[in-house]
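Q: Please give a close account of one part of this model, namely the domains of chain A. Into which domains is chain A divided?

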2 protein chains.
Amino acid sequence: MNGAESLARTLLACGVDTCFANPGTSEMHFVAALDRVPGIRCVLALFEGVATGAADGYARMAGKPAATLLHCGPGLANGLANLHNARRARVPLVNIVGDQATYHAPLDPPLAAETAAWARPVSAWLRTASQPEAVGEAAAEAVRAASTPPGGIATLILPSDASWGEGGVAQGPLRVPAPATVADAAIAETARLLRSGDAMLFLGGDALRAQPLAAAHRIAAATGARLMAETFSARMERGHGRFAIDRLPYNIGPGLAALAGVRHLVLVGADDPVAFFAYPGQPGRFAHPETAVTALSRPGEDGADALARLAERLGAPDIAPPMDGPPAPASGAVTQQALGETLAALLPEQAVVVEEGITFAFGLYAPMATAAPHDYLRHVGGAIGVGLPLATGAAVGAPGRRVVSIQADGSALYTVQALWTQARERLDVTTVMLSNRRYAILDHELAAVGAAPGPASRTLFDLGNPDLDWVRIAGGFGVEAARAETMESFADLFAAANRRPGPFLIELVIP
Amino acid sequence: MNGAESLARTLLACGVDTCFANPGTSEMHFVAALDRVPGIRCVLALFEGVATGAADGYARMAGKPAATLLHCGPGLANGLANLHNARRARVPLVNIVGDQATYHAPLDPPLAAETAAWARPVSAWLRTASQPEAVGEAAAEAVRAASTPPGGIATLILPSDASWGEGGVAQGPLRVPAPATVADAAIAETARLLRSGDAMLFLGGDALRAQPLAAAHRIAAATGARLMAETFSARMERGHGRFAIDRLPYNIGPGLAALAGVRHLVLVGADDPVAFFAYPGQPGRFAHPETAVTALSRPGEDGADALARLAERLGAPDIAPPMDGPPAPASGAVTQQALGETLAALLPEQAVVVEEGITFAFGLYAPMATAAPHDYLRHVGGAIGVGLPLATGAAVGAPGRRVVSIQADGSALYTVQALWTQARERLDVTTVMLSNRRYAILDHELAAVGAAPGPASRTLFDLGNPDLDWVRIAGGFGVEAARAETMESFADLFAAANRRPGPFLIELVIP
């Protein structure tokens, strides 16, 4: 068999059965191999950033990597922003990138580019398989590397002659290490810190699933420690019958205030929190200088197990989660509180909420705590344009569950092509397009640097003139859509959209 | 003044008065500076690839660089594919990228990425201005580096503290070198080769303007040398009353045939032609092993002057260009020949034709030779998704001229957001969307590797199911649009679109 076929057979043997693809000429042999090797679901994206963002969303829900298939050089470049996001979200992802034939690249053909140099900054593992014989082994190692906790991007670059050449050898799966167990000493030390008072558990990553969240709440109830979640998390289990947790605010002032008075900040699967950007005269870290920062578990360690053992060691009694039901759907004007309440009231059971709502979504989090149980996925790496692809991939990775994609309009435009893939694959995605027709975040940021708006900033932050018409855009990509300007019409559309199969987009006009 | 203001004032002093922008938080001080420094036209793009592709199109027509303004890390990454194209087209471009504050980056905030590592492969010049005092000087050097023949990308990375810090110094323009003059010896040697028979002048870059093309035809008439143009050229002057030139075919077989029997291939501003991709058992270079390849002028040398001197040295008499008028508009079914004839018949005087038509546009070139005089801009670097941005930037760079954007549907989807910028800026662009609803190039490429279509390739090459509705997509982005399924309706729409101000899109359904 040729190298390409060994790649397809190895991926399948290693459990990678989904491929988000935007191939080009240098990938033709792999496409031909996919035609010969049944069992891999190919999902076409019309832009590489859709493919990489969808692979991220898939992995968050399926708990295993998908493959991407990207074209050499500039094709990879188009996928980098969402690979950056996936890296920050610590998801497993096997990133397959075609490249020029090894003997053709030195001629510097027009599409030749530094594929490896572009891939390196986002890749936990990177290899160019230059011989057909090396492709299968490299693919198996890529899957292992991607899946090794906490998860990362394994980029396999495949020159076309390694793809078409004979001598490929399919490989079986390699053993993937389990998350490392936290040492007893760290449990004991954390118990001591929590008992000393003024402590906070700062939770991120896998510690935001329902079970570790419950353990954290037991610990908090027993010790008086406070709990807080990282601002942007890859996947949180929320909703009715589950324990809620506040998030660290995005803005530096409120974020600093939230951590005021904390003597011991104990990280559980989260990073030491830092501001997205520097602002003149403001600190960069959220933890105050007098706060001692320690870790119970690092990303890649078993934080859920550590929290369970910590709760036992503290003798923390079981407690029951709050059982408040959701509010009624709101009526009248479109506000963040009203939207949050309406989403909480009408969210389908076991929905997957994907939120890249930026400014208008800040206020949705609190009221949605009482919605039906759901997973809550957020953009993590800060590169906008991940929401629609993430929702697309999550729907592929969690079949049978409704995906609710809460999306800011400005961010949506970076990867709007994802709507077509939702239509093509008939994915059960309800998109709530928050149409404020501004880069509203930049209004905040300009004010934060102390400047008043002038002609350039007015030009650069305004998405109106002309207004984007999301009903026509979605329709053009094959997704049915409608517009809502009041909460009543939104509630009607949202309930109806969630009952029907396939995608639907609601343009919610923000006054 | 702060660093950001010194940047704005320096750019303006150096003649850079147009900025294609998609800024983020780290660029707020530069945006605030643009508000204080009048004279720079800011054009908002909804995606960075639109900004970089538009800067390319602007430079091709204006003959000087525009600036981009991109967000740190992933924002730059989104612009890389069209920066790759701009690099291959050898256009001048000042690429301004914000970045994390120097003291904040070590905290590794979520958006931190290896901005310089990503920029390096596309940049002829690259600098991070880490101090406010260094920004003005770096900006002046960036403009000089970008403008130095043949033109290239100068990337200036601007950490936000260098932007907001006081101490900035505005600089005046630096002297830009003229294109190097070709030595007399090279002229004499080329004259000798051409007289020896079986020679071909292979023209690219600036040698494809009307004046050097006329000189090349004089030379050909006097010596019997053949003429051929590079396959993809940044800007060619064509049409009624100008000399036409055949292009090297894209496909390897016809390309090899076109260069058969050539003993001396003389490059004039073009590279030694190589195939886009390797194919098993096929050569990678178009020149045959027995062909000697030499250069009259390299990119960055004054090829127009060299051709004029060569014609004089050969005593080549003046000749008149053919004065054939255009054919009548075609009727009936939509074919490449019919479309080419109709475009030739109806093209406005001094139009700027931007062509990223891929497979369906191969047949347009020949019939369009007799159209009204026009500039003809093509995608050069092979990264698809440059056409709509290129047309957008060309319209900004050539005010008063109609831009005709001949665009393949699959490629258009990578940077479809460009349509909104055309609407926002009321640009005189007529887009001819070639809607074949396939990645037709990949059908060819799959056949070229000897494979038959199967389920994966059928999934991955088909843009139907659902069909993209370009009239709705364009309308959603604020561009009026209509659909044509016959040549008659296309001709009516095309003539009307070119008469009205502002953008219009015609979806031409390819049977």
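A: The domain bounds used here come from an automatic or database domain assignment. The model itself is predicted. On that basis, chain A is made up of domain 1 (3-164), domain 2 (184-313) and domain 3 (336-509).

Domain 1 and domain 3 of chain A have their C-alpha centres 29 Å apart. Their contact draws 25 residues from domain 1 of chain A and 26 residues from domain 3 of chain A. On the domain 1 side, strand E1 (18-22), strand E2 (41-44), helix H3 (48-62) and helix H4 of chain A are the elements that each supply two or more residues. Helix H3 of chain A provides the largest share of that side, with eleven residues. By class, the domain 1 side consists of 14 nonpolar, seven polar and four charged residues.

Helix H4 of chain A, at residues 74-89, also figures in the contact with the other chain: its seven residues form the largest share of the side of chain A that touches chain B. That contact as a whole involves 78 residues of chain A and 78 residues of chain B. The side of chain A comprises 49 nonpolar, 20 polar and nine charged residues.

Within the bounds of domain 3, helix H13 of chain A spans residues 387-397. Eleven of its eleven residues are buried, so helix H13 of chain A is largely enclosed by the rest of the structure. The buried residues include A:Gly387, A:Pro389, A:Thr392, A:Ala394 and A:Gly397. A:Ala394 is also one of the residues that touch the most other members of the largest nonpolar core, a set of 396 residues. The others named in that respect are A:Ile219, A:Ile506, B:Ala394 and B:Ile506.

A:Ile219 belongs to the stretch assigned to domain 2, 184-313. Leaving out residues up to four places away in sequence, A:Ile219 touches A:Leu194, A:Leu201, A:Ala225, A:Leu307, A:Leu310, A:Ala311, A:Leu314 and A:Ala316.

A residue of chain B may be set beside these. B:Ala119 lies in helix H5 (residues 115-119) of chain B. It counts as buried because it has 23 C-beta neighbours inside 10 Å, where the cut-off is 20 or more. Beyond four places in sequence, B:Ala119 is in contact with B:Leu76, B:Val97, B:Leu126, B:Thr155 and B:Ile157. B:Asn82, 37 residues from B:Ala119 in sequence, is 12 Å from B:Ala119 in space, C-alpha to C-alpha.

Notes: Residues are numbered from 1 along each chain as its sequence is written. Chains are lettered from A and ligands numbered from 1 in the order in which they are written. This is a predicted model: local features need pLDDT of at least 70, side-chain atom pairs count only at pLDDT 80 or more; totals for chains, interfaces and linings use all residues. Two residues are in contact if their C-beta atoms, placed from the backbone, lie within 7 Å. Helices (H or I, at least four residues) and strands (E, at least two) are DSSP runs, numbered from the N terminus. Ala, Val, Leu, Ile, Met, Phe, Trp, Tyr, Cys and Pro count as nonpolar, Asp, Glu, Lys and Arg as charged, and the others, Gly among them, as polar. A nonpolar core is a set of buried Ala, Val, Leu, Ile, Met, Phe, Trp, Tyr and Cys residues joined through C-beta atoms within 7 Å. A residue is buried if 20 or more other C-beta atoms lie within 10 Å of its own, exposed if 12 or fewer, and partly exposed in between; C-beta atoms are placed from the backbone.
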